[in-house]
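Please open the model in your viewer and keep the sequence panel beside it, since each stop on this tour begins with a selection.

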Amino acid sequence: MASKLERALAQFRRQREAQKESAKPSSGDSFRAVVEERLRHLEQQIGELKGRVNGLIFLVAGTALTQVIIKILQ
């Protein structure tokens with residue numbers, strides 16, 4: 001009975017050590033983190049650019065509409 005318990009504990013320890021070794025950060029993990037951070041920054045910049053383009057579109061459309069209204073009223 002004790003030998004079964006000892007074997008189970010030894011197996012448990014080996015599994016825990018294997019999990020600890022696999023949890024250590026590697027160079028691939030740091031590269032992945034850098035790439036994810038760059039992508040988040042790029043997404044923010046694209047969102048800002050979309051806002052600016054939308055603003056420009058509304059500005060041009062408003063200007064064109066104003067010009068059409070002025071021509072009609074004259």
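The tour goes from the whole chain to single side chains.

**The whole chain.** Begin with everything shown as a cartoon, and bear in mind that this is a predicted model. The protein has two helices and zero strands. If you colour the 74 residues by burial, buried residues come to 0% of them. Switching to a surface view shows about 7,300 Å² of exposed area, of which carbon and sulfur atoms supply 62%.

**The nonpolar patch.** Next, select Phe31, Val35, Leu39, Leu42 and Ile46, which together make a nonpolar surface patch of about 460 Å². Of these residues, Ile46 is worth a separate click: it belongs to helix α2, and because its relative accessibility is 45%, between the limits of 20% and 50%, it counts as partly exposed.

**The salt bridges.** Side chains of opposite charge can pair when their charged atoms come close. The structure holds three salt bridges, and the next selections visit them in sequence order.

Select Asp29 and Arg32, whose side chains meet in a salt bridge with an N to O distance of 3.2 Å. Asp29 and Arg32 are separated by about one helical turn because they stand three residues apart in helix α2. Asp29 is partly exposed at 33% relative accessibility, and Arg32 is also partly exposed, with a relative accessible area of 49%.

Move on to Glu37 and Arg40, which form a salt bridge in which the closest N and O atoms are 2.9 Å apart. Both residues lie in helix α2, three residues apart, or about one turn of the helix. Glu37 has a relative accessible area of 44% and is partly exposed, while Arg40, at 43%, is likewise partly exposed.

Then select Glu48 and Arg52, where the side chains meet in a salt bridge at 3.0 Å, N to O. Here the spacing within helix α2 is four residues, about one turn of the helix. Which of the terms exposed and partly exposed applies to Arg52? At 57% relative accessibility, Arg52 counts as exposed because the limit for that term is over 50%, whereas its partner Glu48, at 46%, counts as partly exposed.

**A side chain facing the backbone.** Finally, select Thr63, which sits in helix α2, a helix that spans residues 27–73. A polar atom of the Thr63 side chain lies 2.8 Å from the backbone oxygen of Leu59, so show the backbone atoms of Leu59 as well. Thr63 itself is partly exposed, with a relative accessible area of 42%.

Terms used. Residues are numbered from 1 along each chain as its sequence is written. This is a predicted model: local features need pLDDT of at least 70, side-chain atom pairs count only at pLDDT 80 or more; totals for chains, interfaces and linings use all residues. Side-chain values use heavy atoms; hydrogens and water are left out. Buried means under 20% relative accessible area, exposed over 50%, partly exposed in between (1.4 Å probe, protein chains only). Accessible areas come from the Shrake-Rupley method with a 1.4 Å probe; for residues, only the protein chains shown count as cover. A polar contact is a pair of N or O atoms within 3.5 Å; within protein, one must be able to donate a hydrogen and the other to accept it, and residues adjacent in sequence count only if both atoms are side-chain atoms. Patches are made of residues with over 30% relative accessible area and no salt bridge: like charges are joined within 9 Å, nonpolar side chains (Val, Leu, Ile, Met, Phe, Trp, Tyr) within 5 Å. A salt bridge is a side-chain nitrogen of Lys or Arg within 4 Å of a carboxyl oxygen of Asp or Glu.
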